[in-house]
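This report is meant for a reader who is meeting the structure for the first time, and it deals with pairs of oppositely charged side chains.

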Amino acid sequence: MKEKIDLNIINDIMETIIKEYKNKVCYPAFDNIFNCFKYTNYDDLKVVIIGQDPYHGENEAHGLSFSVLEHCKTPPSLRNIFLELHNDLGIDRKNNNLEDWAKQGVLLLNAIMTVEKDKPLSHKNIGWENFTDKIIELISLSDKPLVFILWGNYAKSKKRLITNKKHLIIESAHPSFFSANRGFFGSKPFSKANDFLKQNNIKEIEWSDKNGKSI
């Protein structure tokens, strides 16, 4: 990535975030905020899945959109993602931690990267969107064909940032309880993503659990 992020953007955000984490209970844990970049190397990037903000329940979020730690109950959106994965590819995934996807090149990016406990969208206006919009813009400049998966209207609003026609954009309704039946189920994002990667001679994503098998 030849272009760089203006460090002033992230420095201003972190000044606010440090105060928030000092005075309130926030998620993910401070050391996990940037896990999506930690686990997905830019050079290995294949797929970008954009979420809105982290889960706000106790100790669920760990820096990867839609993913929760293994001990957590499966959130409704993730449950529906797994249902669609089964319907699409016949995979019955049990592991709620999507770290294995991230390590294969799936950037699980929340547009708003932190949240106060039990207060969804509480960090909406502190600058995260400016930072993550720039990330999406820079990723879009890649000459390597990538897949962008946009679930729901919020994620679809980021389509304007994806300007390189080399990339595949997969759009559908959000996998939430309220909208999954309005176009998420049956959208087949996993097979579509892998078909595109295969067509471009890029290794496909193994969407099943860490052992690489359907269970």
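What follows describes salt bridges in this model, which is a predicted one.

Side chains of opposite charge can pair when their charged atoms come close. In this model the count comes to 10 salt bridges, and the table gives three of them, including the distance between nitrogen and oxygen for each pair.

| Pair | N to O distance |
|---|---|
| Glu116 and Lys24 | 3.8 Å |
| Lys119 and Glu116 | 3.4 Å |
| Asp133 and Lys158 | 2.7 Å |

Glu116 appears in two of these rows, as a partner of Lys24 and as a partner of Lys119. The salt bridge between Glu116 and Lys24 links distant parts of the chain, since Glu116 belongs to strand β4 (residues 115-116) while Lys24 sits in the loop between α1 (7-23) and β1 (26-27), 92 residues apart. Glu116 has a relative accessibility of 13% and therefore counts as buried, whereas Lys24, with a relative accessible area of 36%, is partly exposed. Lys119 is likewise partly exposed, at a relative accessible area of 45%. These residues also belong to a network of salt bridges, in which Glu20, Lys24, Glu116 and Lys119 are linked.

Another pair is formed by Asp133 and Lys158, whose closest N and O atoms are 2.7 Å apart. Because Asp133 lies in helix α5 (residues 128-140) and Lys158 in the loop between α6 (152-156) and β6 (168-172), this pair ties together parts that are 25 residues apart in sequence. Asp133 and Lys158 are both buried.

How values were computed:
Residues numbered from 1 in each chain as written. Predicted model: local features only at pLDDT ≥ 70, side-chain atom pairs only at ≥ 80, totals over all residues. Heavy atoms only, no water. Salt bridge = Lys/Arg side-chain N within 4 Å of Asp/Glu carboxyl O. Helix = DSSP H or I, 4+ residues; strand = E, 2+ residues; numbered from the N terminus. Buried < 20%, exposed > 50% of the residue type's maximum accessible area, 1.4 Å probe, protein only.
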